[in-house]
Structure formats: structure tokens, C-alpha cells
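Here are my notes for when you open up this protein. Keep the picture beside you and check each point as you go.

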Amino acid sequence: MPTLRPDSPLVAEVFASPNHEPRAGRGGTAGPDLLLLHYTGMASTSEAIARLCDPDAKVSCHYLVREDGAVVQMVAEARRAWHAGVSCWAGDSDVNSRSIGIEVANPGHDFGLPPFPAVQIEAVVALCRDILARHAILPARVLAHSDVAPARKQDPGEAFPWETLARGGVGLWVPPAPLDTPGQTLGPSKTGGEVAALQAALATYGYGVPESGRYDEATRLVVAAFQRHFRPALVDGIADPSTRETLAAIEAKSDSLFGGSLA
């Protein structure tokens, strides 16, 4: 197997994973246009690295950032790493071919979702900026694993500091609307035009949600994913006025920056 040469000057270690293949479709010619962030979700970083390098596990990522900020590369950026799993964004179910995946070492929800150290987040910001300098990835396409797989995943979780990343020039962020924002709440059992409009807004941004006009379980999970990323103070899958206003602000910022839908 050829030696894995780091794509980034920030790489401190290389642990080459065998779990990759050629990118398909657009990713093979125009390069990745999504940047996906995960947490490792295992008790230790060494266990996570071992799993990501295990051919039987059939999972991998391009980069892993340790708690102390050291950057590990595991798959070349030109290759399709196996990090997103069953997922979808903007109607495309082959997220792996379009994306670069970064695992942030953190044991995750199963172990209490401990805080991400500041030095680790500084390294994540630096690595993301380095990747973005090489690839045409729009801010609104810097995503959480939970954004592209809301029915299966919660990572990197509501404690992940997306606002800090945005201040560093990575991703899209607006201040979330206060939890006591007045207005109509949409939730399970609701039907009709307001629900359809909510679903359409989420789908326009890129979330995989059917525009049925019924506030079903799939809609609840997508709303929770949106909250986890953009309104993390309360993640309950209920489209309260705070959630709806934050979604409208995200859409407006996307339009003002890029002149239309990013999906």
C-alpha cells in the first residue's frame, strides 16, 4: 500500500486506515464540497484510532484531532473515506464522495459529553481553515454528522462550539433566537401549511426531510438535528418560535452571503 503523505502541514501523526476507495461522481472531478465534523464517541482516543484503522470495522475518516490538539491524518483527502454512513444532504445520499470527514476526539453522549478542550477546538479551527483553503466548500456546507444522518447520529453534539468555529471563519452561524421568543409552536400531531413550510425551509437548507405537511417522527428528528447545531440551548425536536426564528435567520444569512439556496 502506498505511503500516506499528509495533505495538511498541520498533521502531526499519520495512522493510515485501509478503509477508503475512489470518490464517485462529482467528488472525483471537482473535489469535495462538504466538510463533516464528528466526535469519536469511544472511551479513549486510542480505541477510536484502532477502530478507524480496522478493516473489519469498515469505518474511517480523513483526520482525527486529539484532545491536546494534535492532528492525525488517516485517509488522503483525494480518497473517499467511510465516515458518514447512511446519510443525505441536499438530496445526495453519497455524502462520503462529496465530503472530508474530521473526527474530534471526545467520548460523546454515552460518556456524558464532556467539554471540548480549548486547545483542541483551536486545532479544529486551524485544520478546517487549511482544508477550506484547498477546497471550494461554502460555510453552509460545514456540517455535523447529525445534520446528514439525523435519525442515527447526535455528533458532534450540542456542546460542540459551532459559534467559536464561525468566529474563526469556519461554517455558518447566527445568534440563536431566545427561548422565550413569542409565536406559534409546531410539533408532533400538527399538520397543514405551516408544517409544510417548515419542512420546505429545512429541505432548502439541505436537510433530508419529506415535505408532507405532517409533523412526523422524521421531521422531529431533523428539527432536533437543526437545534443541536444552531440552537443548542434546548434540543427537543419541537419547532418552537426560537427554533423557527433561528432557521429563518440562517436562511436569510445564506441568501445574503451567497444569493440563494445552498442545497
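The points below go from the whole fold down to the core.

1. First, bear in mind that this is a predicted model. You'll find 9 helices and 8 strands in the protein.

2. Now for overall size. A compact globule with 263 residues would have a radius of gyration near 18 Å, and the protein has 18 Å, so the two agree. If you lay the C-alpha trace along its principal axes, it spans about 55 × 40 × 35 Å.

3. How much of the chain is tucked away? Of the 263 residues, 51% count as buried, meaning under 20% relative accessible area. Look at the contacts too: among those with a separation of 6 or more, 69% are between residues 24 or more positions apart.

4. On the outside, the accessible surface comes to about 11,000 Å², and carbon and sulfur atoms make up 54% of that. As for charge, there are 22 positive and 30 negative ones, and their mean positions sit 4 Å apart.

5. Next, the inside. The largest nonpolar core has 53 residues, and the ones touching the most other members are L35, L37, I102, F160, L165, L202 and Y207. Helix 4 (residues 118–134) gives this core its largest share, 7 residues.

6. Try clicking on F160. Leaving aside neighbours within four places in sequence, F160 is in contact with L37, V104, F116, I121, V124 and L165.

7. Don't miss the other core, which lies apart from the largest one and has 6 residues, including I49, L52, V72 and M74.

Notes: Residues are numbered from 1 along each chain as its sequence is written. This is a predicted model: local features need pLDDT of at least 70, side-chain atom pairs count only at pLDDT 80 or more; totals for chains, interfaces and linings use all residues. Side-chain values use heavy atoms; hydrogens and water are left out. Helices (H or I, at least four residues) and strands (E, at least two) are DSSP runs, numbered from the N terminus. The radius of gyration is taken over C-alpha atoms; the globule rule is 2.2 Å times the number of residues to the power 0.38. Buried means under 20% relative accessible area, exposed over 50%, partly exposed in between (1.4 Å probe, protein chains only). Contact means heavy atoms within 4.5 Å. Accessible areas come from the Shrake-Rupley method with a 1.4 Å probe; for residues, only the protein chains shown count as cover. Lys and Arg count as positive and Asp and Glu as negative; His and the chain ends are not counted. The place of a charge is taken as NZ of Lys, CZ of Arg, CG of Asp or CD of Glu. A nonpolar core is a set of buried Ala, Val, Leu, Ile, Met, Phe, Trp, Tyr and Cys residues joined through side-chain atoms within 4.5 Å.
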